[in-house]
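Notebook open, coffee poured. I want to go through this one site by site and jot down what I find.

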Amino acid sequence: MFTLMDLPFAYNALEPFIDEATMHFHHDKHHQTYVDKLNEIVKNNPDLEGKTLEELLTEPITKNMAGGVFNHNLFWQFLDPKTPKMTLDQKIIDEFTAKSLALFGSGWVWLTKDNEVFSTPNQDAPPKNVVTGIDLWEHAYYLKYQNRRKDYIEAFLKLVIKN
Ligand code: MN3
């Protein structure tokens, strides 16, 4: 059985960039749903019992739900005010912003420790060496930002970088 990780900070800790209501929906409803659906699939497929979350990322039947759990676990750590903020070159910030704006549909944009920026569709998980990543599903920003994805991306960057 997988359980929902606790949010490692207060629901209002990211105000005014990410609002408390969004954090409640995002963590308590969306993230919880990925956990619940993953548990249901594992329960209905006994051959998957005992596999780790990482192992379930590559199983076709659990990939989406395991990715949803895994990616949000990372996301809360990236957003945690206790996580030291990064200093990034403007070129990287511009690339991260451009790729986040260009992502069609739902997915994520990630930055690796080697300053590579790339996107993944849906809940596909990134490789292990990511240092940050932005959730670009509308549920991550629609309550506060509606269709203004650019404003949400800028707010996210203010939370994770120093400059
Ligand atoms: Mn999300």
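Before the loops, a definition I need: helices and strands here are DSSP runs, numbered from the N terminus, with at least four residues for a helix and at least two for a strand. With that in hand, I placed Asn122 in the loop between strand 2 and strand 3. Also for the record, I'm working on a predicted model.

**Entry 1, the backbone of Asn122.** I checked phi and got a positive value of about 55 degrees, though this residue is not a glycine. Is Asn122 buried or exposed? Neither: its relative accessible area is 39%, so I wrote it down as partly exposed.

**Entry 2, another Asn.** Asn115 also has a positive phi, about 65 degrees, and is no glycine. I found Asn115 in the loop that runs between strand 1 (107-112) and strand 2 (117-121). Its relative accessibility comes to 36%, and because buried means under 20% and exposed over 50%, Asn115 goes down as partly exposed.

**Entry 3, a cis peptide.** Which peptide bond is cis? I noted the one from Glu15 to Pro16, with omega near 0 degrees. Pro16 sits in the segment before helix 1 (20-44).

**Entry 4, the metal.** I looked up what holds the manganese ion: NE2 of His26, NE2 of His72, an OD atom of Asp135 and NE2 of His139, at 1.9 to 2.1 Å. Along the sequence, the spacing of these donor residues reads H-x45-H-x62-D-x3-H.

**Entry 5, Asp135 up close.** Asp135 belongs to strand 3 (residues 130-135). Both Asp135 and His139 are buried. I went looking for a salt bridge to Asp135 and found none; Arg149, the nearest side chain of opposite charge, is 8.7 Å away. What I did find is a polar contact between the side chains of Asp135 and His139, at 3.4 Å. Leaving out residues up to four places away in sequence, Asp135 touches the metal ligands His26 and His72, and its contacts also include Phe75, Trp108 and Tyr152.

**Entry 6, helix 3.** How many residues of helix 3 are buried? I have 14 of the 17, so the helix is largely enclosed by the rest of the structure. Then I checked its length: at 1.5 Å a residue, residues 63-79 should span 24 Å, and the end C-alpha atoms are 24 Å apart, so the two agree. His72, the manganese ligand, falls in this helix, as its range of 63-79 shows.

Notes
Residues are numbered from 1 along each chain as its sequence is written. This is a predicted model: local features need pLDDT of at least 70, side-chain atom pairs count only at pLDDT 80 or more; totals for chains, interfaces and linings use all residues. Side-chain values use heavy atoms; hydrogens and water are left out. Donors are N, O and S atoms within 2.8 Å of the metal (3.2 Å for Na, K and Ca); water is not among the atoms, so sites may look incomplete. Buried means under 20% relative accessible area, exposed over 50%, partly exposed in between (1.4 Å probe, protein chains only). Lys and Arg count as positive and Asp and Glu as negative; His and the chain ends are not counted. A salt bridge is a side-chain nitrogen of Lys or Arg within 4 Å of a carboxyl oxygen of Asp or Glu. A polar contact is a pair of N or O atoms within 3.5 Å; within protein, one must be able to donate a hydrogen and the other to accept it, and residues adjacent in sequence count only if both atoms are side-chain atoms. Contact means heavy atoms within 4.5 Å. The expected span of a helix is 1.5 Å times one less than its number of residues.
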